[in-house]
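I opened this notebook to keep track of what I looked up. The entries follow the order in which I checked things.

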Amino acid sequence: MALGLDVRRLAAIDMWGSAGVRWRRWVILAEFLLGVGGGGALGLLAVSSGGGLRTVVGWWLIGLAVNYVPLSVHALTLIRPGALEAEIRGVDVPGELRHYTTAQLWVAVPLLVAVLAVVQWPRIRR
(Lines give C-alpha, C1' and ligand atoms only; values in the text may rest on other atoms or scores of the structure.)
Protein backbone atom coordinates (compact mmCIF):
# COMPACT_ATOMS: atom_id res chain seq x y z
CA MET A 1 0.00 0.00 0.00
CA ALA A 2 1.48 3.33 -1.07
CA LEU A 3 2.61 5.35 1.94
CA GLY A 4 0.96 2.74 4.17
CA LEU A 5 -2.38 4.46 3.60
CA ASP A 6 -5.49 2.46 2.78
CA VAL A 7 -8.15 5.15 2.35
CA ARG A 8 -11.11 2.93 3.26
CA ARG A 9 -9.30 1.56 6.32
CA LEU A 10 -8.43 5.11 7.40
CA ALA A 11 -12.12 6.05 7.27
CA ALA A 12 -13.14 2.87 9.10
CA ILE A 13 -10.57 3.14 11.89
CA ASP A 14 -11.30 6.83 12.33
CA MET A 15 -15.02 6.09 12.61
CA TRP A 16 -14.46 3.22 15.06
CA GLY A 17 -11.92 4.94 17.31
CA SER A 18 -10.75 3.09 20.40
CA ALA A 19 -14.16 2.02 21.71
CA GLY A 20 -16.48 1.69 18.71
CA VAL A 21 -19.15 3.98 20.13
CA ARG A 22 -22.00 4.76 17.72
CA TRP A 23 -21.99 8.55 18.08
CA ARG A 24 -18.36 8.72 16.95
CA ARG A 25 -19.32 7.37 13.51
CA TRP A 26 -21.67 10.29 12.98
CA VAL A 27 -19.15 12.83 14.27
CA ILE A 28 -16.47 11.54 11.89
CA LEU A 29 -18.93 11.45 8.98
CA ALA A 30 -19.84 15.07 9.75
CA GLU A 31 -16.13 15.96 9.94
CA PHE A 32 -15.48 14.43 6.52
CA LEU A 33 -18.49 16.14 4.94
CA LEU A 34 -17.52 19.46 6.54
CA GLY A 35 -14.02 18.96 5.14
CA VAL A 36 -15.49 18.71 1.65
CA GLY A 37 -18.01 21.55 1.93
CA GLY A 38 -16.26 23.92 4.32
CA GLY A 39 -12.76 23.40 2.97
CA GLY A 40 -13.96 23.76 -0.60
CA ALA A 41 -15.95 26.89 0.17
CA LEU A 42 -13.07 28.53 2.05
CA GLY A 43 -10.69 27.58 -0.76
CA LEU A 44 -12.95 29.07 -3.42
CA LEU A 45 -13.37 32.21 -1.33
CA ALA A 46 -9.61 32.59 -0.95
CA VAL A 47 -8.96 31.96 -4.65
CA SER A 48 -11.67 34.36 -5.74
CA SER A 49 -10.38 37.12 -3.46
CA GLY A 50 -7.15 36.80 -5.41
CA GLY A 51 -3.64 37.86 -4.67
CA GLY A 52 -0.52 35.78 -4.15
CA LEU A 53 -0.59 33.91 -0.87
CA ARG A 54 -4.40 33.85 -0.69
CA THR A 55 -4.54 32.11 -4.04
CA VAL A 56 -1.95 29.52 -2.96
CA VAL A 57 -3.76 28.87 0.33
CA GLY A 58 -7.07 28.72 -1.52
CA TRP A 59 -5.85 26.06 -3.94
CA TRP A 60 -4.32 24.12 -1.03
CA LEU A 61 -7.70 24.18 0.76
CA ILE A 62 -9.45 23.02 -2.40
CA GLY A 63 -6.95 20.16 -2.66
CA LEU A 64 -7.67 19.21 0.95
CA ALA A 65 -11.41 19.32 0.29
CA VAL A 66 -10.91 16.93 -2.62
CA ASN A 67 -9.06 14.57 -0.25
CA TYR A 68 -12.14 14.47 1.97
CA VAL A 69 -14.42 13.33 -0.89
CA PRO A 70 -13.30 9.66 -0.87
CA LEU A 71 -13.21 9.64 2.93
CA SER A 72 -16.81 10.90 2.93
CA VAL A 73 -17.87 8.32 0.36
CA HIS A 74 -16.35 5.50 2.41
CA ALA A 75 -17.89 6.88 5.61
CA LEU A 76 -21.32 7.00 3.95
CA THR A 77 -21.01 3.33 2.98
CA LEU A 78 -19.69 2.37 6.42
CA ILE A 79 -22.45 4.16 8.35
CA ARG A 80 -24.98 1.47 7.34
CA PRO A 81 -25.82 -0.91 10.20
CA GLY A 82 -23.20 -3.65 10.46
CA ALA A 83 -20.96 -2.30 7.67
CA LEU A 84 -18.31 -0.80 9.94
CA GLU A 85 -18.22 -3.89 12.14
CA ALA A 86 -17.77 -6.08 9.06
CA GLU A 87 -14.98 -3.82 7.77
CA ILE A 88 -12.91 -4.03 10.94
CA ARG A 89 -13.65 -7.67 11.79
CA GLY A 90 -10.35 -9.41 12.44
CA VAL A 91 -8.38 -6.14 12.44
CA ASP A 92 -5.91 -5.24 15.18
CA VAL A 93 -7.72 -2.00 16.06
CA PRO A 94 -5.14 -0.69 18.60
CA GLY A 95 -2.34 -1.31 16.10
CA GLU A 96 -4.28 0.28 13.26
CA LEU A 97 -5.13 3.28 15.47
CA ARG A 98 -1.42 3.78 16.19
CA HIS A 99 -0.61 3.58 12.49
CA TYR A 100 -3.43 5.76 11.19
CA THR A 101 -3.00 8.40 13.88
CA THR A 102 0.18 9.46 12.12
CA ALA A 103 -0.69 8.24 8.59
CA GLN A 104 -3.72 10.53 8.47
CA LEU A 105 -1.32 13.48 8.23
CA TRP A 106 -1.09 12.59 4.52
CA VAL A 107 -4.56 14.14 4.19
CA ALA A 108 -2.80 17.51 4.37
CA VAL A 109 -1.09 16.81 1.03
CA PRO A 110 -3.52 18.16 -1.57
CA LEU A 111 -5.08 15.52 -3.85
CA LEU A 112 -2.93 12.67 -2.46
CA VAL A 113 -5.76 10.83 -0.69
CA ALA A 114 -8.02 11.30 -3.69
CA VAL A 115 -5.40 9.82 -6.05
CA LEU A 116 -4.79 6.90 -3.67
CA ALA A 117 -8.53 6.28 -3.46
CA VAL A 118 -8.78 6.09 -7.26
CA VAL A 119 -5.83 3.67 -7.40
CA GLN A 120 -7.30 1.55 -4.58
CA TRP A 121 -10.86 1.54 -5.96
CA PRO A 122 -10.51 -1.71 -8.01
CA ARG A 123 -9.36 -3.57 -4.89
CA ILE A 124 -12.39 -2.34 -2.92
CA ARG A 125 -14.87 -3.31 -5.65
CA ARG A 126 -13.86 -6.99 -5.44
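I began with Leu71 and listed its contacts (heavy atoms within 4.5 Å). Outside its neighbours within four places in sequence, Leu71 touches Val7, Leu10, Ala11, Phe32, Val107 and Val113.

A note on sources: this is a predicted model, where local features need pLDDT of at least 70, side-chain atom pairs count only at pLDDT 80 or more, and totals for chains, interfaces and linings use all residues. Residues are numbered from 1 along each chain as its sequence is written, and side-chain values use heavy atoms, with hydrogens and water left out.

Next I looked up the largest nonpolar core (buried Ala, Val, Leu, Ile, Met, Phe, Trp, Tyr and Cys residues joined through side-chain atoms within 4.5 Å). Buried means under 20% relative accessible area with a 1.4 Å probe, protein chains only. The core has 27 residues, and Leu71 is among those touching the most other members, together with Leu5, Met15, Phe32, Leu84 and Ile88. Helices here are DSSP runs (H or I, at least four residues), numbered from the N terminus. I found that α1 (7-16), α2 (22-49), α3 (52-78), α4 (83-88), α5 (93-103) and α6 (112-125) each supply at least two core residues. The most come from α1, which gives seven.

Then I turned to α2. Its buried residues are Arg25, Ile28, Leu29, Phe32, Gly35, Gly39, Gly40, Gly43 and Ala46. These pack against α1, α3 and α4. After α2 comes Gly50, with a positive phi near 65°.

Last, I checked which residues join α1 to α2. I noted Ala11, Asp14, Met15 and Trp16 of α1, and Arg24, Arg25, Ile28 and Phe32 of α2.

Definitions and conventions. Buried means under 20% relative accessible area, exposed over 50%, partly exposed in between (1.4 Å probe, protein chains only).
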